[in-house]
Amino acid sequence: MGGTAKTCAAACQSSSSATGMQFGFEGMEESHGNLDKDWQCSETMAFPSLIKLKITAAQKLWLLYATCDCYHFDWARRQTLLTCSGHTRPVVDLAFSGIMPYGYFLISACKDGKPMLRQGDTGDWIGTFLGHKGGVWGATLNKDATKAATAAADFTAKVWDAVTGDELMTLAHKHIVKTVDFTQESNYLLTGGQDKLLRIYDLNKPEAEPKEISGHTSGIKKALWCSENKQILSADDKTVRLWDHATMTEVKSVNFNMSVSSMEYIPEGEVLVLTYGQTIAFHSAVSLEPIKSFEAPATINSASLHPEKEFLVAGEEDFKLYKYDYNSGEELESYNGHFGPIHCVRFSPDGELYASGSEDGTLRLWQTVKGKTYGLWKCVLPEEDSGELAKPKVDFQETAEEELEEIASQNSDSIYSSTPEVKA
């Protein structure tokens, strides 16, 4: 899979086209968002490898700078979110790839019809898949991030080369497509949508008609392969069903009194995470038998279980992200950051961060362990035996560092008045 690494290196050299993936600096300002235009800038500093950035004493001591994308410095003991801008409509789905020697990747689905590919641990924009003529409801990557698939309101699902951005297949449907999922070997693609049918496409035989599974009584919101591709999980409005892949028959179904808002499958331990109303429920993926459930303070749109199953995060209608202890259900933390309901949330494959997508059109990355150096988060620990909080450390010239220390002293009372935010 050296090809995707080549994609990252070549991203700044490629150009956009009517279909396929848009790479490079074109549209980078839109992708990363704009700096606050009300800043009163005191000095312009040029960094060694890149663009110029203005620094202001009025900001709360967090600094933003960029090469192709931006770097971001965390305050110890404080949650600092990384904002990935670029979408113009609500972000409704996201998915991570597996971990490869050169990292992992993140894809986001948005109602603007332009799914985006990013470096998973930093949020750095790699490219935008261009070709859909309607909002994109679902998006996924295969395990090694060589292929992407998207589901859209233009009655199609598309398969993409995630290395080059080229469109490989357009799979026509009779209604809006909501969900897509690859098998582990990427030989088959599972789709579902408003026509209430599950379809299985053989990607090695693009001309062949898909296999169809009927049985749902309302539009399918999510469909996932499970149990090493031997079974299929699918959710419509108020029902979750388990199917046998070989016989294409229903094994079991579970009904709920509220609409199922999200579904996540955890292969390790065969756990199914469901959300409906204010409930987060855990079921066995092989039998659909309930394991446990928690109640949240607001309506939940999405939840994700940490890979080590110690805790989970949930995105809710009150614009907040909540972290809960998996064993007790106790609320551990909650964070503001989005400016609209949170539609989707997922942990990264290594569990070091989680991503959230919202009605506000942004994708945001949150650190699982606050204050840890990871990705774009850089932390300088406080001096030994001192009670002082850590300060961000950037290798500026000596004169600039002295000025920043003076600014830090002047603003020490207001540094932590709100959650710092950095745009990527």
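This passage goes through model confidence, the open and enclosed spaces, and the surroundings of one serine.

The structure is a predicted model, so confidence comes first. Averaged over the protein chain, pLDDT comes out at 79, with 71% of the residues at 70 or more. Two stretches deserve a careful eye. One is residues 1-19, where pLDDT is below 50 and the model has 38 contacts beyond near neighbours in sequence. The other is residues 388-423, where pLDDT again stays under 50; here the model has 78 contacts beyond four places in sequence.

Next, the empty space. Rolling a probe the size of a water molecule over the atoms shows where empty space is left. The largest pocket holds about 1200 Å³ of space. Its lining takes in 39 residues, and the ones closest to the centre of the pocket are Phe96, Ser97, Gly98, Tyr265 and Pro267. A run of strands feeds into this lining: at least two residues each come from β7 (91-96), β11 (136-141), β15 (177-182), β19 (222-226), β23 (260-266), β27 (300-305) and β31 (342-347). By class, the lining of the largest pocket splits into 19 nonpolar, 11 polar and nine charged residues.

Enclosed space turns up as well, in the form of two cavities of 30 Å³ or more. The second largest cavity has a volume of about 30 Å³, and its lining is made up of Met169, Leu171, Tyr201, Asp202, Leu203, Lys205, Pro206 and Ala208. Strands β14 (167-172) and β17 (198-202) are the elements that give two or more residues to this lining. Six of the lining residues of the second largest cavity are nonpolar and two are charged, with no polar ones.

Last comes serine 356, which sits in strand β32 (residues 353-358). Its relative accessible area is 0%, and because the cut-off for buried is under 20%, serine 356 counts as buried. What does the side chain of serine 356 make a polar contact with? The partner is the side chain of histidine 338, at 2.7 Å. His338 is also one of the residues in contact with serine 356 once neighbours within four places in sequence are set aside. Others in that set include Leu94, Leu321, Ile342, Cys344 and Val345, and it also takes in Thr362, Leu363, Arg364 and Trp366. The strands named for the pocket lining come up here too: β7 (91-96) and β31 (342-347) each supply at least two residues to the largest pocket, and serine 356 touches Leu94, Ile342, Cys344 and Val345.

Note on methods:
Residues numbered from 1 in each chain as written. Predicted model: local features only at pLDDT ≥ 70, side-chain atom pairs only at ≥ 80, totals over all residues. Heavy atoms only, no water. 1 Å grid on protein atoms, 1.4 Å probe; cavity = no way out; pocket = protein on both sides within 12 Å on 5 of 7 lines; lining within 4 Å. Points joined across faces, edges and corners; volume = space filled by probe spheres on them. Helix = DSSP H or I, 4+ residues; strand = E, 2+ residues; numbered from the N terminus. Nonpolar A, V, L, I, M, F, W, Y, C, P; charged D, E, K, R; others polar. pLDDT = per-residue confidence, 0-100. Contact = heavy atoms within 4.5 Å. Buried < 20%, exposed > 50% of the residue type's maximum accessible area, 1.4 Å probe, protein only. Polar contact = N/O pair within 3.5 Å; in protein donor to acceptor, adjacent residues only side chain to side chain.
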